[in-house]
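Here's a quick briefing to read alongside the coordinates. Have the viewer open and click along as you go.

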Amino acid sequence: MASSSGDQFVILTCTNLNPIELDAGKDKEILISTENIQSWDLDTILHHQTVKIHAYRDRLIEQSSYFHGLLSGSFSESSSDSVSVQWDLPTFMNILKCIYGWPLDVTSNNFLSLFEGALYYGVEMLIVKCRTWFSEVSLSKDSEPQKVQLEDLIHIWNFGLEHASDFVPELCARYLARNFMWATSHKYFVKIPYNLLLDSIRHPCLTVESEMHLSDALLIWIDTNTEQLDCSNWIEDDLTVILKECVEQIRIGMLPLWFAAGKRRPSYFSKLADESVNSIVRLVKIPPSSLINVLEDVELKCLRIRLTEYSEKVNLCGCPQMTAAILLLSVLDSSDLLDPTSWKILECLDKDQCRIPSSLLPTLSFEAVHEVDISKCPALHLDSAIECFSKSFPLLRTIKAAYLLNFRTTTLCKLVQKCPLLCEVDLTVDPSPLIPTKISVVSSSSSLMPPVSNKSIVGNSSLYVTSVYHPGPSLSNITKLTLEGRNDLCDSDLEFISKYCVSLVYLNLKGCISVTDVCVSNLIRRCIKLHSIIVCDTYFGVNSVRALCSEFPDGNSSASHGKRHFDSLASNLQTLHMSCCHGVDETMLLELMSQARMLKSLCLSGTQLGDNALYNFSGSSLEMLDVSNTMISGASLAHIVRGNTGLKYLNARGCKNLFQQQSNTSGIDFSSSFPCEEIFVELGRTCKLEEIALGWGFSHLSLETLKPAITSLRTITVGLGGSLSEDSLRLLPTTCPMLESIVLHFQVLLSK
């Protein structure tokens, strides 16, 4: 019986390659058996220097070509009942688990060690398991953080080449291609082997947000690696080949014009930049219907935006050559690119309406795309673009269309209809040239849209309101809407937004000088989920503040309690920016501040803000505070600082009363004198600032007092009434080691 047992079993003697510090009285050796493999405690087992494993001989021979040759061949070990194993012990234990049929999880941390062990011991079952896992990872559409780190991917690639594993390099290239945007932000990106980089950018799954991102990444890689020419085996011819092969993958006609023009300075990329600029200018001059006739097949293919099944963001910002025709070419199947039907569609794009016939739109669908940026694309007809978005990007949630003067509220309506999942819309234009006091808004313009009935809306009755845009549109899902600088926005436009965008939580109306206070207040009353409001340089006034402070029923209240609980929109605000809103007097500011207890970001620059309002502010969560160009005193500002220890950004420039010895404007009984440095003492004791802007009363001594608060400072601005001496400037790099920006207004610096 003993002999029979010896024929069935073999003892595998495994020595831990890393010396183990054994506890006193603990055995150096442990004996275990594969018969009870299900109860193995690896943590305990691996804390022994030597592990002896009683294993079934037949199972080893059956599942491992290594043990098959060793135990059933002509080797001396064939008749032995003991085999010495020299391998990484944790890895070998997992290999045994697989051999004996127990579940084994392959992860990015153990893939390479398991795959190497599986190849060495010839465990086909584990090789298949590793290959399956890597294939699933490279093909997965999961947008969660990457399962394989870039440095591990490089090691896996090199290992695959060394061991002639054909599937490994191919899967590595695919994985890098589909996760290219993630890889470009990684410090190991410049260490990617050239062949792996080239295979990935040639791969059909290459996924980037724009050609600019691809170009930038390749330039960074080339710059970093050419610096190492002297200490490598590369020669000049190698560099020429590398540059040619890399830049040939860039679709130069799809680069932003400003980016291409900026790369024309003398360098190895200058020739390509010149070609790109010429190509862009040529495209701007070609009408949509002539694209197919004028351009060759190769050029047409290079005009296609890079879209794959993994694309999540499409960035076309700053491309004046971008038209609806090019957008359509990008979402057509390659086989339909030169189909006569496609020509007919392009011809339709040249007509007055510039709309794509929906019946002639055999476009592909890219369901992963959730964000599109078409900012600064003046030639892109928006109605046609929206048609493409609705069919090719059905799950679109964010659209950025900043600096497009042809975007009207009617277009927003169509966007809401065609892209029902849309949550965020950015329609910013530059507001800087606008001067509100020069424009009359006695009656807000309605040229863009006929007046809409201004009936009050109760409960969900807004669901049934009809609009002149189209009959009975459903409520949109838009939660974040940016209309900054749009002086073409009128009351009737805002009325539409207030009725069908009731889910808004963020609204930016900065510089919208053609809407009235009454209409803004109506919107506030309807959009009761608002927690962020940007209304700088508008006619936001008393009516709007009253709307913020008025009570509305709390949906969480219970009727069984016999009474209703009320709250106000102001009490839930997290962001309120209302600089230069002169229509709000100090009395209304006091009421607003007394309710806005949840604010994190507050901008009251250039308003009628006084001490009384600041003293009534009960919030303790402020991170950003801008009270520049107001009449507040140092005592009231110190009160705010004292109660908001998380303050990171403070702007108090232009506050002439900040350090007045007499301060009695608030009507509240506080000390009539306030030491000039007290506010800086309070800041130094309370806050860790990242940005600060000061003027009146600021000096070299103030900087010394502020030292504890500015160790993490990134930006400092000193304005009129403040003085930052040359000695102070010299101290800034050591006092503020993270400083990035210094802005000096009306400062006198004497050069020596």
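Is Phe746 buried or exposed? Phe746 counts as exposed, because its relative accessibility is 69%. Keep in mind that this is a predicted model. The protein has 752 residues, and buried ones make up 50% of them. Its secondary structure comes to 30 helices and 20 strands.

**Overall numbers**

- The accessible surface adds up to about 35300 Å², and carbon and sulfur atoms account for 51% of that.
- Take the contacts between residues at least 6 apart in sequence: 71% of them join residues at least 24 apart.
- One pair to click on is Asp223 and Val190: they sit 33 residues apart along the chain, and their C-alpha atoms are separated by 9.1 Å.
- Asp223 itself belongs to helix 12 (residues 211–226), and with 35% relative accessibility it counts as partly exposed.

**The four-stranded sheet**

- Four strands make an open sheet in the order 2-3-1-4, with mixed pairing.
- The edges are strand 2 (29–33) and strand 4 (82–85), each of which pairs on one side only.
- From one strand to the next, the twist averages 20°.
- Strand 2 runs parallel to strand 3 (residues 50–56), and five bridges connect them. If you want a register marker, Glu29 stands opposite Thr50 in strand 3.
- At the other edge, strand 1 (residues 9–15) and strand 4 are also joined in parallel, by four bridges. Here the marker is Thr13, whose bridge partner in strand 4 is Ser84.
- In a regular strand, side chains alternate between the two faces of the sheet. Strand 4 shows this alternation: Val83 and Val85 point to one face and are buried, whereas Ser82 and Ser84 point to the other and are not.

**Nonpolar cores**

- The largest nonpolar core has 118 residues, and the members touching the most others are Ile374, Phe389, Ile497, Phe540, Met578, Leu637 and Leu683.
- Ile497 is a handy one to pull up: setting aside neighbours within four places in sequence, it is in contact with Leu412, Leu481, Leu483, Leu489, Leu504 and Leu523.
- Another core, of 89 residues, lies apart from that one, and its members include Cys14, Phe67, Val208 and Val247.

**Helix 23**

- Helix 23 (residues 517–526) is largely enclosed by the rest of the structure, because eight of its 10 residues are buried.
- Those buried residues are Asp517, Cys519, Val520, Ser521, Asn522, Leu523, Ile524 and Arg526.
- What do they pack against? The buried residues of helix 23 pack against helix 22 (491–500), strand 10 (506–508) and helix 24 (542–549).
- Leu523 links this topic to the previous one: it is one of the buried residues of helix 23, and it is also among the contacts of Ile497.

**Cysteines**

- How many disulfides does a search of the whole structure find? The search comes back with zero.
- Cys319 is in no disulfide, and the nearest cysteine sulfur, that of Cys377, is 5.5 Å away. Cys319 counts as buried, because its relative accessibility is 2%.
- Why is Cys536 not bonded to Cys603? The sulfur of Cys603 is the closest cysteine sulfur to that of Cys536, but the separation is 4.8 Å, too far for a bond; the cut-off for a disulfide is within 2.5 Å.
- Cys536 also counts as buried, with 5% relative accessibility.

**Backbone oddities**

- Most residues other than glycine have a negative phi. The two residues below have positive values.
- Cys580 has a positive phi near 60° and is not a glycine. You'll find Cys580 in the loop between strand 14 (575–577) and helix 25 (586–595). Cys580 is partly exposed, because its relative accessible area is 31%.
- Phe746 brings us back to the opening question: its phi is positive too, at about 55°, although it is not a glycine. Phe746 lies in the segment after strand 20 (741–744), and its 69% relative accessibility counts as exposed.

Definitions and conventions: Residues are numbered from 1 along each chain as its sequence is written. This is a predicted model: local features need pLDDT of at least 70, side-chain atom pairs count only at pLDDT 80 or more; totals for chains, interfaces and linings use all residues. Side-chain values use heavy atoms; hydrogens and water are left out. Two strands pair if DSSP finds at least two bridges between them. Axes are lines fitted to C-alpha atoms, for helices over the stretch in contact, and angles run from 0 to 180 degrees between N-to-C directions. Buried means under 20% relative accessible area, exposed over 50%, partly exposed in between (1.4 Å probe, protein chains only). A nonpolar core is a set of buried Ala, Val, Leu, Ile, Met, Phe, Trp, Tyr and Cys residues joined through side-chain atoms within 4.5 Å. Contact means heavy atoms within 4.5 Å. Accessible areas come from the Shrake-Rupley method with a 1.4 Å probe; for residues, only the protein chains shown count as cover.
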